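Trainee: Please take me closely through one part of this model: the second largest pocket, what lines it, and how the parts around it are packed.

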Amino acid sequence: MSDAPQPVPLPTRLRVALEDFLFAPTGTRNLCLVRVLFGSVFVLRHVLKGGIHNPGAISLRFPRHLYESKEAYALAGNHPSVPGFEWLPVPSFEVFSWIEGAIPIFGALFAMGLFTRIVGPLAALSFSYVFLLSQLHYWHHAQCLAVVMMVLAFSPCADHYSVDAWLLRRRGGRPPRTRAIFPKRLLQITVSLLYGFSFLSKLNTGWSTGLVLLAFQADGSLRGQVAPLVLAFVSLRTLSRFTVLAEGFLSFGLWVPKLRKPAIAVGVLLHLGIDLLMAVRTFSFQMYVLYLLFLDEPKEADAAEAESREATPRPSAA
Amino acid sequence: MAERRPATQSHRRLLLSLLALAFIGAQVALGIRGIALDDNRYGWGMFGDDVHYRIHYAYVRGDGTRTPFRPDFRGKAKDYLGGPKRTRYGVGSLRTAIPMLLRHAYERRPSPDVVACEAMLVHQTNHVGPFEHELLSYPPRGAR
């Protein structure tokens, strides 16, 4: 009788690989950092006017309303509802404005990590409700906010860098050192799908020839202050091809350890270019933050040291 | 020897695996829908084309005559579906949005002899080529 180990059946190997992919234990510091930064971008989205394409015109306004007056409140008249979500109750203008005001407050508390388990779902659900009320509320960055906030809201993203974690430590508790990688995986896959489908939607003559960016230019959409300078050195066709290739590369490059740093550099260049040329507000910031999910967690020793630093009471100022 | 996990943990993992499958499946399905229908919204397709368009609305009466009308647009709806405009969400986004609007107008039609609401969509992609015309209707033409 042979002592050779029995080969593991393929279904078992697949199941183990899937479990490892979705549930392997991992630190949560990066996820918590994403909560802080993505939550801040979420707030910014609701109070920021303007973008870095025109830094002089940036201002903050709270609350910043989608509809400035009752007369302009599209949901009261003709508007295309989102197929499948016609059943959502349409609020009065006053209630809608109140919800709009509450969303960034929930977002700010979420970024701080105060009552995270409550304000996270409130922020995600109220924002998704507004997003799904009408097709008029569709923007790519809004969909990204809705999906990412929904995952973060139900994840253990307050284990670190949060008021909740600080309060827990004061009571003598401490969050688990590791958690299942599950929420991080959902977000990583979302980033890949986002770039992947964006890449696929640009595989057309308009993008390969630069016609789309030419049309953007003719419409006055390439209106960033540095646009003339950039376009003096780089042709629209080159920018166009770079955009398509960069998105294709990002859809898989972030997963490959050897390609990760170049992929992040390409991503930053891509989004910085978009921000400088076009009137975009927070989408690039969202993507920069999500790149953190692909970085390795701090080493155990560093994490333990950071934890002990966090746990050590600071000497009082008095 | 394989490590045995408590049943509750196994069930939880199974549920989470199904949740992950639904989450990824929905995004992939929406992405494929976006490409198939040339509607870049909801499926992560971004700025596939620059489409210029205008829309002419009409009531269709029982005797076949058409009366132009202008829906009671407000705010963003007025911007999006009123005057000449451009979209980067693909022509398919208009094909999805306009029928929802026509249904709304049909349900509030001014008289019972209006049998349908129609929209003539005139569009051009990337400032190139001729303007194309498409007729959208609610109820759809075959269903009247």
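Mentor: In this predicted model, 25 residues line the second largest pocket. A:Phe85, A:Phe131, A:Leu132, A:Val147 and B:Leu30 lie nearest its centre. Its volume is about 660 Å³. Three elements give two or more residues to the lining: α4 and α5 of chain A, and α1 (7-37) of chain B. The largest share comes from α1(B), with six residues. By type, the lining of this pocket divides into 18 nonpolar, five polar and two charged residues.

Take α5(A) next. Its 14 residues should span 20 Å at 1.5 Å a residue, and its end C-alpha atoms are 20 Å apart, so the two values agree. Burial is the striking part. Of the 14 residues of α5(A), 13 are buried, so the helix is largely enclosed by the rest of the structure.

That leads to the core. In soluble globular proteins, nonpolar side chains tend to be buried together. Here the largest nonpolar core has 107 residues. Those with the most contacts inside it are A:Phe38, A:Leu152, A:Met287, A:Leu290, B:Tyr57 and B:Ile98. Helix α5 (residues 140-153) of chain A gives the largest share of this core, 10 residues. So which helix lines the pocket and also feeds the core? It is α5(A), a contributor to the pocket lining and to the core.

On the chain B side of the core, look at B:Tyr57. Leave aside its neighbours within four places in sequence. B:Tyr57 is then in contact with B:Thr67, B:Pro68, B:Phe69, B:Pro71, B:Phe73, B:Leu81, B:Leu101, B:Leu102, B:Glu118 and B:Ala119.

Now back to α1 of chain B, the helix that holds B:Leu15. Is B:Leu15 buried or exposed? Its relative accessibility is 60%, over the 50% cut-off, so B:Leu15 counts as exposed. B:Leu15 and B:Arg70 are 55 residues apart along the chain, and their C-alpha atoms are separated by 50 Å.

Next, the enclosed spaces. Rolling a probe the size of a water molecule over the atoms shows where empty space is left. The count comes to two cavities of 30 Å³ or more. The largest cavity has a volume of about 160 Å³. It is lined by 14 residues, and A:Arg45, A:His46, A:Leu66, A:Glu100 and A:Val130 lie nearest its centre. Elements giving two or more residues to that lining are α2 (29-47), α3 (93-112) and α4 (116-133) of chain A. Helix α4(A) therefore contributes to the lining of the largest cavity as well as to that of the second largest pocket. The lining of the largest cavity divides into eight nonpolar, three polar and three charged residues.

The second largest cavity holds about 30 Å³ of space. Its lining is A:Thr26, A:Gly27, A:Thr28, A:Leu31, A:Ala180, A:Ile181 and A:Lys184. Three of these residues are nonpolar, three polar and one charged.

One more helix of chain A is worth a look. For the 18 residues of α11 (residues 236-253), the expected span is 26 Å at 1.5 Å a residue; the end C-alpha atoms are 25 Å apart, which agrees. Its buried residues include A:Leu236, A:Leu239, A:Thr243, A:Val244 and A:Leu250. The buried residues of α11(A) pack against α7 (182-201), α8 (205-209), α9 (211-218), α10 (227-233), α12 (257-277) and α13 (283-291) of chain A.

Notes
Residues numbered from 1 in each chain as written. Chains lettered and ligands numbered in written order. Predicted model: local features only at pLDDT ≥ 70, side-chain atom pairs only at ≥ 80, totals over all residues. Heavy atoms only, no water. 1 Å grid on protein atoms, 1.4 Å probe; cavity = no way out; pocket = protein on both sides within 12 Å on 5 of 7 lines; lining within 4 Å. Points joined across faces, edges and corners; volume = space filled by probe spheres on them. Helix = DSSP H or I, 4+ residues; strand = E, 2+ residues; numbered from the N terminus. Nonpolar A, V, L, I, M, F, W, Y, C, P; charged D, E, K, R; others polar. Expected span 1.5 Å × (residues − 1). Buried < 20%, exposed > 50% of the residue type's maximum accessible area, 1.4 Å probe, protein only. Contact = heavy atoms within 4.5 Å. Core = buried A, V, L, I, M, F, W, Y, C linked by side-chain atoms within 4.5 Å.
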